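Got a few minutes to go through this one with me? I'd like to ask about it piece by piece.

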Amino acid sequence: MNSDDQLILEFQQGAREAFVELFERYREPIHGFFWRRLENPARAEELAQEYFLAILQNVPWYEPRASFRSYLYGIAVHLVAAERRKAGREVVENEKLDGRAAEGNAAENNDAGIWVRKALGHLEQSAREILMLREYEQLSYGEIAAVLRLPVNTVRSRLFRARAALKNQLMPVKD
Amino acid sequence: MERNAQHAFDAEEVMAYLDGELEPRRAAALAAHLVSCSECQEVAQGFRALSERMLSFEVGHPSAGMNEKVLAALDAGKSSSVSSAKDVPVHKGWMWPGLFSHPRVWAISGAAIVIALVVIGIPGRHGLPAPASHALREQSSGYKSWLSKDGTSLEHPQDFADVKSPANALPASSGKMPVFSESEPAPPASADEALKAPESVGPMIVQTASLNILATNYDEASVAIEKLAAAHGGYVEKLDAKAQNGNGQELSAALRVPTKQLDGFLADVRKLGHVEEETRSNEEVSDQYVDLQARLKSARATEQRLIELLGTRTGKLQDVLEAERELARVRGEIEAMQGQSAILVHRVNYATVQVDLSEEYRQVLGSGPISTGTKIRNAAVEGFANLESGAVGLLVFLFAVGPALLFWLAILLVPVWFVWKRFWVRARS
């Protein structure tokens with residue numbers, strides 16, 4: 001199996017199948033990335049679509065300076081930030097997480113999922129992003145550092161604090 | 001997840017081990033430790049349980065419509081169908097070409113270069129001529145050609161290599177220009193390497209020259225200036241040409257030429273015509289460079305200490321946040337100083353030459369009598385223009401004075417009317 005970096009370079013050379021394979025690999029993860037962060041399934045799908053179109057548009061200028069996953073999720077993080085700025089709700093994101101949990105997508109989540117989402121909503125944004133990149137996108141510390149432009153040690157310490165805070169948030173539920 | 005400080009492994013290390021992020025030797029020790037330490041097993045189990053619990057936050061699947069649209073865009077050649085994604089922010093670190101294709105970035109870069117030039121100044125260089133009303137062309141290349149994409153290093157082959165080598169720099173007492181050798185080593189790979197070791201560097205001199213030349217063959221001379229700059233490894237920074245009726249053509253060019261090529265370049269430029277005025281000046285900037293390097297070194301040491309502090313800290317969260325803010329500030333200072341240092345080195349390596357070229361103007365005889373038809377047409381056009389300007393002038397006058405005139409007439413006419421009526425009635429009676 002070709003690595004992501006090989007595939008993107010092949011696509012730069014004109015191999016259509018390389019992009020199709022990349023799209024197949026990351027279609028669900030990227031869609032999930034936006035879903036978990038925006039809590040709006042319809043908008044998440046729109047953004048995922050815009051995201052892949054942006055990747056297509058920018059492929060000619062891609063340079064393999066870091067891992068391709070860092071590149072992919074770096075764009076996705078920027079896209080989410082732009083979406084939040086656009087919607088003007090970044091500040092109240094955490095507060096609204098609770099409310100939105102009961103909206104249309106509740107059917108797709110079990111009770112445990114709702115509690116996890118509520119607990120994530122109480123985390124500081126940077127820590128939440130690191131934790132989600134690690135747990136859901138399965139990025140390494142180095143990849144998270146590249147995506148968020150932070151030192152690896154900072155990623156590690158923030159991830160530890162985020163996990164501790166999330167555990168504290170979930171503790172009453174567990175009990 | 002709080003742990004006894006005396007424990008062999010802290011909880012953060014256990015977490016890194018489970019994530020596969022602990023260094024191999026430490027990971028092996030921790031794996032052996034976990035076998036016998038129930039406390040660490042409990043911590044590890046806590047992390048595993050948390051990860052499993054997080055997976056209960058499930059999401060749906062993308063629709064088939066998304067696949068079709070993306071693959072359709074792929075088949076359409078990544079052009080028209082992706083236009084809707086043009087505003088999507090892209091990870092800047094890996095997208096410089098895309099970033100620089102944006103006109104706003106060019107505008108901001110241009111403004112930054114202009115501000116930098118104004119702040120830094122170029123000693124001995126007189127103000128550039130104001131743009132003439134009949135300017136024919138203008139060209140400006142700025143610093144973008146030699147600053148690297150991240151703005152922290154240089155891309156010209158001569159940069160830094162000249163400055164690094166003490167053999168190239170003449171003693172300050174020699175009173176001569178530093179002569180740079182062609183056989184210098186290649187430019188260093190990183191800005192860090194390039195900007196270090198100022199102690200062994202000789203005097204760093206910024207050179208400027210200015211020439212006023214009267215050209216007998218202006219057209220050839222104006223073309224030759226650009227070619228000469230390129231031939232000597234330099235480039236045109238700014239170029240203005242203008243021609244006004246009744247005067248000869250004039251060209252003003254700001255050129256950047258490698259310092260080691262300056263004498264040869266000036267000799268060639270002098271051949272373009274009669275040199276009416278020539279000035280040269282030197283400015284030593286060694287102290288600025290050394291000071292900049294010292295501050296850079298200090299800032300890097302501070303940055304390193306902060307990084308170590310953050311990596312090993314056990315203090316309060318607030319302390320960590322403050323340390324991170326300080327780290328961001330120090331990094332900003334370092335980047336700014338690297339940029340200043342790069343500009344300084346470029347000014348040393350590339351002399352500034354201001355060339356003002358004037359045409360030796362000869363009055364041209366008239367091209368013959370104008371035909372009667374042309375005269376009538378010109379007169380008609382002039383007459384129409386006069387009519388138009390007169391009408392516009394009248395309208396302007398009426399709008400400007402009219403309201404006030406009506407007001408005063410209304411004020412004055414009422415008493416005049418009464419006086420006249422009274423007089424008229426008496427006269428009749």
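What follows is a short back-and-forth about the fold, the core, the interface and a few odd spots.

Me: Before we start, what kind of model is this, and what pLDDT do local features need?
Reply: Residues are numbered from 1 along each chain as its sequence is written, while chains are lettered from A and ligands numbered from 1 in the order in which they are written. It's a predicted model, where totals for chains, interfaces and linings use all residues, side-chain atom pairs count only at pLDDT 80 or more, and local features need at least 70.

Me: How many helices and strands does chain A have?
Reply: Helices (H or I, at least four residues) and strands (E, at least two) are DSSP runs, numbered from the N terminus. Going along chain A from the N terminus, you meet α-α-α-α-α-α-α-α-α. That comes to 9 helices and 0 strands.

Me: Which helix of chain A has the lowest mean pLDDT?
Reply: pLDDT is the predictor's confidence in each residue, from 0 to 100, and chain A has a mean of 81. Over residues 90-95 of chain A it stays under 50, and over residues 98-108 of chain A it is below 50 too. At the top of the ranking by mean sits α7 (residues 125-135) with 93, and at the bottom, with 48, is α5 (residues 93-100).

Me: Which helix gives the most to the largest nonpolar core?
Reply: A nonpolar core is a set of buried Ala, Val, Leu, Ile, Met, Phe, Trp, Tyr and Cys residues joined through C-beta atoms within 7 Å. A residue is buried if 20 or more other C-beta atoms lie within 10 Å of its own, exposed if 12 or fewer and partly exposed in between, with C-beta atoms placed from the backbone. The largest core has 66 residues, and Y51(A), A76(A) and V14(B) touch the most other members. The top contributor, with 9 residues, is helix α3 (residues 41-58) of chain A.

Me: Is α3(A) mostly covered or mostly uncovered?
Reply: The helix has 18 residues and spans 25 Å from first C-alpha to last, close to the 26 Å expected (1.5 Å times one less than its number of residues). Of those 18 residues, 13 are buried, which puts α3(A) down as mostly covered.

Me: How many residues of chain B are in contact with chain A?
Reply: Two residues are in contact if their C-beta atoms, placed from the backbone, lie within 7 Å. On the chain A side, 53 residues take part. Several helices of chain B supply at least two residues each, including α1 (11-18) and α11 (286-312). The chain B total is 42.

Me: Which strand pairs with β4(B) over 9 bridges?
Reply: Two strands pair if DSSP finds at least two bridges between them. Strand β4 (residues 249-258) of chain B has 7 of its 10 residues buried, and it pairs antiparallel with β3 (residues 235-243) of chain B over 8 bridges. Its antiparallel partner over 9 bridges is β6 (residues 350-359) of chain B.

Me: Where does Q138(A) lie, and is it buried or exposed?
Reply: Q138(A) is not a glycine, yet it has a positive phi of about 60°. Most residues other than glycine have a negative phi. Q138(A) lies in the loop between α7 and α8 (141-148) of chain A. Because it has 11 C-beta neighbours inside 10 Å, Q138(A) counts as exposed.
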